[in-house]
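Q: I should like a close look at a single part of this model, set against the rest of the chain. Please begin with the overall picture and keep to what the coordinates support.

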Amino acid sequence: MDLQILPTISTTFIVISAVLVAIGWGLILKRKVEAHKKVMLAAGAAALIFFIIYASRTIFVGNTAFGGGEHLKPYYTFFLIFHIILATVGAVFGIVSIISGLKTNIKLHKRIGPITSIIWFFVAITGVLVYVLLYVLFEPGETTSVIKAILGF
């Protein structure tokens with residue numbers, strides 16, 4: 001099996017999760033609470049599938065280093081670190097949003113749900129851009145440990 005297909009699959013799941021979040025947002029604006037709940041749980045499941053694929057590839061295969069020119073590497077590294085921080089914050093907000101929605105803590109859910117959605121849209125966009133930079137615009141670098149892939153040593 002070509003393991004380069006895994007980043008494509010995992011990135012697809014992030015895009016699916018963002019699309020589902022947008023659909024869920026539209027549903028709640030129409031006061032379709034049960035449909036909103038189902039779609040948002042599906043969005044969370046898509047994000048979890050992304051994470052399982054990404055973590056498994058990282059653990060068993062490694063990460064792909066940036067293959068663009070050395071003059072671009074500092075910009076890519078800054079962007080990647082921004083994406084990682086944003087994704088971590090988005091994941092925490094997502095978990096809290098899902099739990100508060102399921103536990104019917106509607107006050108908290110209404111307060112952080114829109115923030116979570118906006119963060120998640122940026123996570124999806126930056127995630128796709130990381131994918132494009134690693135696999136589309138430039139020849140992929142070597143597949144190596146996470147620390148070496150991110151920081152270059």
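The part in question is named next, and one connected answer follows.
In which strand does Asn63 lie, is the residue buried or exposed, and what are the lengths of the polar contacts that its side chain makes with the side chains of Tyr54 and Thr58?

A: The model is predicted, and a word on confidence should therefore come before the details. The mean pLDDT of the protein chain is 91, and 92% of its residues reach at least 70. Confidence is at its highest in helix α1 (residues 5-29), with a mean of 96, and at its lowest in helix α5 (residues 146-151), with a mean of 66. Where pLDDT is low, predicted coordinates should not be read in detail.

The overall layout comes next. The protein chain contains 5 helices and 2 strands, which follow one another along the sequence as α-α-β-α-α-β-α. Its C-alpha trace extends over about 50 × 30 × 25 Å along the principal axes. Of the 153 residues, 35% are buried. The accessible surface of the chain amounts to about 9200 Å², and carbon and sulfur atoms contribute 76% of this area. Among contacts with a separation of 6 or more, 74% are between residues 24 or more positions apart.

Asn63 belongs to strand β1, which covers residues 63-64. The residue is buried, because its relative accessibility is 9% and the limit for that class is under 20%. Its side chain takes part in a polar contact of 3.1 Å with the side chain of Tyr54. A polar contact of 2.9 Å also links the side chain of Asn63 to that of Thr58. A long separation can be given as well: from the C-alpha atom of Asn63 to that of Gly113, 50 residues away along the chain, the distance is 31 Å.

The partner Tyr54 leads from the strand to a helix and to the surface. Tyr54 lies in helix α2, which runs over residues 33-60. With a relative accessibility of 35%, Tyr54 is classed as partly exposed, since that class lies between 20% and 50%. Tyr54 also contributes to a nonpolar surface patch of about 400 Å², together with Leu48, Phe51 and Ile52. Tyr54 thus has two roles to record here, because it is partly exposed, belongs to the patch and makes a polar contact with the buried Asn63.

The segment between the two leading helices may be considered next. Arg31 occupies the loop between α1 and α2. Its phi angle is near 65°, a positive value in a residue that is not glycine. Arg31 is exposed, since its relative accessible area is 70% and the threshold for exposed is over 50%.

On the other side of that loop in the sequence, Ser10 is part of helix α1. Ser10 is buried, because its relative accessible area is 5%. Apart from neighbours within four places in sequence, Ser10 is in contact with Phe50 and Ile53. The C-alpha atoms of Ser10 and Ala47 lie 8.9 Å apart, with their positions 37 residues apart in sequence.

Helix α1 also contributes residues to the surroundings of Phe121. Phe121 is located in helix α4 (residues 106-136) and is partly exposed, as its relative accessibility is 22%. When residues up to four places away in sequence are not counted, Phe121 touches Ala18, Val21, Ala22 and Trp25. For one of these residues, Ala22, the C-alpha distance to Phe121 is 8.5 Å, although 99 residues separate the pair along the chain.

One further side-chain pair offers a parallel to those of Asn63. His83 sits in helix α3 (residues 73-102). His83 is buried, because its relative accessible area is 13%. A polar contact of 2.6 Å connects its side chain with the side chain of Thr126. With residues up to four places away in sequence set aside, His83 touches Val123, Thr126, Gly127 and Val130.

To return to the request, Asn63 is a buried residue of strand β1. Its side-chain polar contacts include one of 3.1 Å with Tyr54 and one of 2.9 Å with Thr58.

Note on methods
Residues are numbered from 1 along each chain as its sequence is written. This is a predicted model: local features need pLDDT of at least 70, side-chain atom pairs count only at pLDDT 80 or more; totals for chains, interfaces and linings use all residues. Side-chain values use heavy atoms; hydrogens and water are left out. pLDDT is the predictor's confidence in each residue, from 0 to 100. Helices (H or I, at least four residues) and strands (E, at least two) are DSSP runs, numbered from the N terminus. Patches are made of residues with over 30% relative accessible area and no salt bridge: like charges are joined within 9 Å, nonpolar side chains (Val, Leu, Ile, Met, Phe, Trp, Tyr) within 5 Å. Accessible areas come from the Shrake-Rupley method with a 1.4 Å probe; for residues, only the protein chains shown count as cover. A salt bridge is a side-chain nitrogen of Lys or Arg within 4 Å of a carboxyl oxygen of Asp or Glu. Buried means under 20% relative accessible area, exposed over 50%, partly exposed in between (1.4 Å probe, protein chains only). Contact means heavy atoms within 4.5 Å. A polar contact is a pair of N or O atoms within 3.5 Å; within protein, one must be able to donate a hydrogen and the other to accept it, and residues adjacent in sequence count only if both atoms are side-chain atoms.
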